[in-house]
Amino acid sequence: LTTFSVRQMEICKEASEGLKGIGTFEEKAGAAVIKTTLQILCQEKSRDAIEALATKHSLDPLELKNTFSGLSILFLEAAKHNTSEGALGAFLEDYESAIPKAFIDLMCQAFAAKSQALRDILGATNFRLPYLQEITWRLDHEYEGKDRPTDKPSLPCYSLKFQSQQAKPLTVHCAPEQMQDLLSKLEDAIAQVGRISQQ
């Protein structure tokens, strides 16, 4: 997946193309789309509000949808990385050929006004990776085919259950070779953390 990144921020190519759509809107329509997108992300308005703009400003619904998606990803990424107004402006410099400077300035100013509210919402939802609380395992034995002949050995299979506070339990099954590979990678990760902590 092609990405564009500046100072840890990154958005996918599809979002980047959608973001450029704001440059095709007239001044009042573009400003309304930027403002409404942030209000929806901050849960001040429903998604119906963005659809209403298509009728009010005679905008193409598909183009508006893509632009809304691009703006949403941009603002959420900026909030996730605690991006300042100036840093967001620097990120958007690459878009100046497609987006008017007035829109870029408005995007930065509008984001700065809502950035704390966005971070609060991100912190209270599952946008962050869930923390692992517990792992349980079980060793099962499977037989090839539907029958269970006594002259054929069973195949060992591990069942691993991962429990986190934010998400539903996840159960995975793996053969002994896969289990050994998993353990080896975990040992490598632990060793890497140990080396970093000693630096």
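How many salt bridges does the structure hold? The structure holds six. A salt bridge here is a side-chain nitrogen of Lys or Arg within 4 Å of a carboxyl oxygen of Asp or Glu. The model is predicted: local features need pLDDT of at least 70, side-chain atom pairs count only at pLDDT 80 or more, and totals for chains, interfaces and linings use all residues. Residues are numbered from 1 along each chain as its sequence is written, and side-chain values use heavy atoms, with hydrogens and water left out.

**View 1. The whole chain holds seven helices and five strands.** Helices (H or I, at least four residues) and strands (E, at least two) are DSSP runs, numbered from the N terminus. Along the sequence, the pattern reads β-β-α-α-α-α-α-α-β-β-β-α. The chain has 199 residues, and 31% of them are buried. Buried means under 20% relative accessible area, exposed means over 50%, and partly exposed lies in between (1.4 Å probe, protein chains only).

**View 2. The largest nonpolar core has 40 residues.** Such a core is a set of buried Ala, Val, Leu, Ile, Met, Phe, Trp, Tyr and Cys residues joined through side-chain atoms within 4.5 Å. Leu19, Val33, Leu74, Phe75 and Leu92 touch the most other members. Strand β2 (9-12) supplies at least two residues of this core. So does each of the helices α1 (13-20), α2 (27-41), α3 (48-56), α4 (61-80), α5 (85-91) and α6 (101-124). Helix α6 gives the most, with nine residues.

**View 3. Three strands form an open sheet in the order β3-β4-β5.** The pairing is antiparallel. The edge strands are β3 (132-142) and β5 (170-174), and each pairs on one side only. The twist averages 20° from one strand to the next. For such angles, axes are lines fitted to C-alpha atoms, for helices over the stretch in contact, and angles run from 0 to 180 degrees between N-to-C directions. Two strands pair if DSSP finds at least two bridges between them. β3 and β4 (residues 155-164) pair over 10 bridges. Ile135 stands opposite Phe162 in β4. Five bridges join β4 to β5. Lys161 stands opposite Thr171 in β5.

**View 4. Asp105 and Lys101 form a salt bridge within helix α6.** Their closest N and O atoms are 3.0 Å apart. The two residues lie four residues apart, about one turn of the helix. Asp105 counts as partly exposed, at 29% relative accessibility.

**View 5. Arg138 forms a salt bridge with Asp140.** The closest N and O atoms are 2.8 Å apart. Arg138 is partly exposed, with a relative accessible area of 48%. Asp140 is also partly exposed, at 22%.

**View 6. Helix α7 carries a salt bridge between Asp181 and Lys185.** The N to O distance is 3.3 Å. The pair sits four residues apart, about one turn of the helix. Asp181 is partly exposed, at 40% relative accessible area, whereas Lys185 is exposed, at 53%.

**View 7. Leu182, Leu183 and Leu186 make a nonpolar surface patch of about 230 Å².** Patches are made of residues with over 30% relative accessible area and no salt bridge; like charges are joined within 9 Å, nonpolar side chains (Val, Leu, Ile, Met, Phe, Trp, Tyr) within 5 Å. Accessible areas come from the Shrake-Rupley method with a 1.4 Å probe; for residues, only the protein chains shown count as cover. Leu182 lies in helix α7 (residues 176-198). Leu182 is partly exposed, with a relative accessible area of 33%.
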